[in-house]
Amino acid sequence: MDRSSHLSVILDLCPTQWSLSAKPSNPHPLPFDTFLSHLLVFLNSHIAYKHENSLAVFGALPGKSVLFYSSEEAGDLSTAEVVQSDPNSYRFFKTLDQSLVQRISREFDILGQPDTEEPPALVGALTKAICYINRLLHPAQTLSSPEDSANLPEPRILILSVSPDASNSYIPIMNSIFSAQKLKITLDVCKIFGPDSVFLQQAAYLTGGSYIYLEHREALLQYLIMSFLPTPSIRKIITIPTEDKTDFRAACFCHKHIVDVGYVCSVCLSIFCQPVPVCSTCRTKFPMKTLQRLNMTRTPSQPSTPRPTNGTPTRQVFSGLAANLR
Amino acid sequence: MPPRRHDDIMDVDSEGSDASLDYDGPRRKGKGKAPKKKDKGKSKVTEAPYAWEASYVRSWDTVQEDESGSLQTAVDDLIARGRRKRLLAPSKAIRRTIIRHLIIILDLSNSMTDRDMRPTRFDLTLEYTREFVNEWFDQNPLGQIGMVGMRAGVGERVGEMSGNPPDVLRAISERHKLEPTGDPSLQNAIEMAKSTMSHLPTHSSREILIIFGSLTTCDPGNIHETLESCIRDKIRISVVALAAEMKICRELCEKTGGQFGVAMNEGHFKDLLFELIPPPAQQTTSSALTARLASGAPANAPGNAGGDLMLMGFPTRLPDTSPPSLCVCHSELKSQGFLCPRCSAKVCDIPTDCDVCGLMIVSSPHLARSYHHLFPVKTYRAVMTTEETANSSPKCHACARMFQSPAPSGPGRKASTAGKADGSTSTTNGNSESNSIDGREGAAIDTGADGISALGRYRCTDCSNDFCADCDVFIHDVLHCCPGCER
């Protein structure tokens, strides 16, 4: 329990969603600058929590992902940007606050006002965060003795999400989740605005983190401090709200219905709600015998609840596969 | 007789990566494709049939001191080379067997008590088998493993076929039940494994992995008939031998399309086992070949072997707060669990086959776990020249580590590699972007094909971002997603 902890924060910086979030017509509007000030308090309290705690902040901007801040570059004064010294504030807080705000505003300036907005590069930010933690956990081979491994930080990633799921990011997000599981990284998700994200719900569930949908957005700081500041080892003692209704059923590729019993292609693992003679993804022809057998056993009333979203890929994700497997 | 090789340091290095392999015969599959050197024919005149006829390699020559007399850089270099070599395997999409069935045959004969591997062959085998099972299920979540032991001349069922890792591990958890004794019988064990897998559908693979410590086998009949029937049933047999090569073991592997290896030491034993973890490419061409070997057994549907529709159930997960009820698998009172969609029986763990109606129960993350085999990340190209790094970031795109600056390139060999690469890469750079893959191959061959970048930069051919060596390995081995392309 004495281990230090590393926190990687991923900020979803999708301008459209943030402007929607700031609209006063919302029941609980949250403009970006308020969000930022809440966030800075939270980040400062994380570094203040324990001296060895480290921090990295990644941003998912439209079409690109950026590392805004990391503890190690802040420790290295030569690379850190010139920070005005302020006798009334702790130097690390000051460095963090200033460089983070400066860089975010610089990225927004670069962004300008494009006509069409690309979806935020959440996958890029997530994979970068995982690679960064991988580097922290495997420093240099010369150091890897048992007592050193006890000193390695306890890693976790907090995703502050505002934008909805992008269906073509299903496979990379799942791959990231599995590598996070391997590295024992806890993925926490705070959904600040927008519809529930099924992918991130699964991410939190599969890595033992918590997924929190923010209802009272103006209380963001309280949510952050009460739920996301404690390290995973402390969370065994205190109770953190968790999502217990994550649904892992799949949707078929043909009609997007949620299926209970599906027919799966053995080559590319596409899911269908009824026996089909040819796989629509990889063009594999299925033997006649199987089709007859499956049609025989098929229950007459297929449960086809018209629920639109769930955690399975859509057809377009697989479009590239068809050529590869033929 | 002095060894026939050049004094060029470059050559000594690449020879070195061959060195460790010459012990177990030059025909070892998978290892033979180490560096493709132009003068390969000179250093090995003909493929020597025995290890002692191969040219003598001094492994200590591969380690060179750097200017300060330290071995650290040489050691780092060797480690990097070893890790990088695995990545050079083809990364293009090939059809792989996703649904696998594997029987592990453990040798439990007297010869396993030998202490040539520490602590004993038997203990080491159990330990590695445990790691193997965990890693195997991680990469093949829809597969199933069964265990058979060879002891006292008979095959002995140690663990039933199961898709649940704890169940499989429980089978080998009790050491005293597996105490080695007597002689092994390959034929009995293979027959038992074969009958266990006889009912399996054609789209799944049937594999046998034999960990064999003995040099004899005590069979009731003709083992070649067993081999023929395995070929007919398309069972792929792989053998990891702990003692020495046996003719029958090699034959089993070669005729069924499996891999054969003799473990030289503890580390090599583990490597051999773990090579068998990634799902094998589906045998569309080789199945025709094995069919021909099996003296005229008809090859059925060579083009499209294996494609099939499978019935799978996606269960409803009961939340932890639901009222407790009995599960069908262990008859224990639990609140969490999964409901079979067809018969509403409650099972504890997925993926599994429903104990009541036999439906295969999976969840969508299990399917997703296999996708990375279907969409591999492209191999990154090693950046060789300093010109290429001119407009790229000074930091690794993934982990933000600073790249080493190219200026102090100490050993002359690095300079020469860079110089050599100069010509080819600059010409390929002149070509259009779409040709970049061909350019990569050209550059790789030119620089000794081990793909080590002197600058420590590896560039994605799609997004043109540079990554450090550690991230390169991590991305291809674990993450399966390029942070630059986001795919």
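Let me begin with a term: a helix axis here is a line fitted to the C-alpha atoms over the stretch in contact, and angles run from 0 to 180 degrees between N-to-C directions. Helices (H or I, at least four residues) and strands (E, at least two) are DSSP runs, numbered from the N terminus.

Hi everyone! What we have here is a predicted model, in which local features need pLDDT of at least 70 and side-chain atom pairs count only at pLDDT 80 or more, while totals for chains, interfaces and linings use all residues. Residues are numbered from 1 along each chain as its sequence is written, and chains are lettered from A and ligands numbered from 1 in the order in which they are written.

Let's start where the two chains meet. How many residues of chain A are in contact with chain B? There are 50, and they touch 46 residues of chain B; contact means that C-beta atoms, placed from the backbone, lie within 7 Å. On the chain A side, the residues divide into 27 nonpolar, 15 polar and eight charged. For these classes, Ala, Val, Leu, Ile, Met, Phe, Trp, Tyr, Cys and Pro count as nonpolar, Asp, Glu, Lys and Arg as charged, and the others, Gly among them, as polar.

Which element gives the largest share of that side? That is α5(A), with nine residues. The axes of α5(A) (residues 122–137) and helix α14 of chain B (residues 469–479) come within 11 Å and cross at roughly 115 degrees. Their crossing is right-handed, that is, the near helix is turned clockwise from the far one by less than a right angle (anticlockwise would be left-handed). Among the residues making this contact are Ile130(A) and Cys131(A) from α5(A), and Cys471(B) and Phe474(B) from α14(B).

Strands join the chains too. β9(A) runs antiparallel to strand β7 of chain B (residues 309–313), with five bridges between them; strands pair if DSSP finds at least two bridges. Gly262(A), for example, has Met312(B) as its bridge partner.

Now a pair inside chain A. Helices α2 (residues 32–49) and α9 (residues 220–228) pack at about 20 degrees, with axes 9 Å apart. They are therefore roughly parallel, a label for angles under 35 degrees (over 145 is roughly antiparallel, 65 to 115 roughly perpendicular, and the rest oblique). Phe35(A) and Leu224(A) are among the residues in contact, and the classes come to seven nonpolar, two polar and no charged.

Thanks for listening!

Technical notes:
Two residues are in contact if their C-beta atoms, placed from the backbone, lie within 7 Å.
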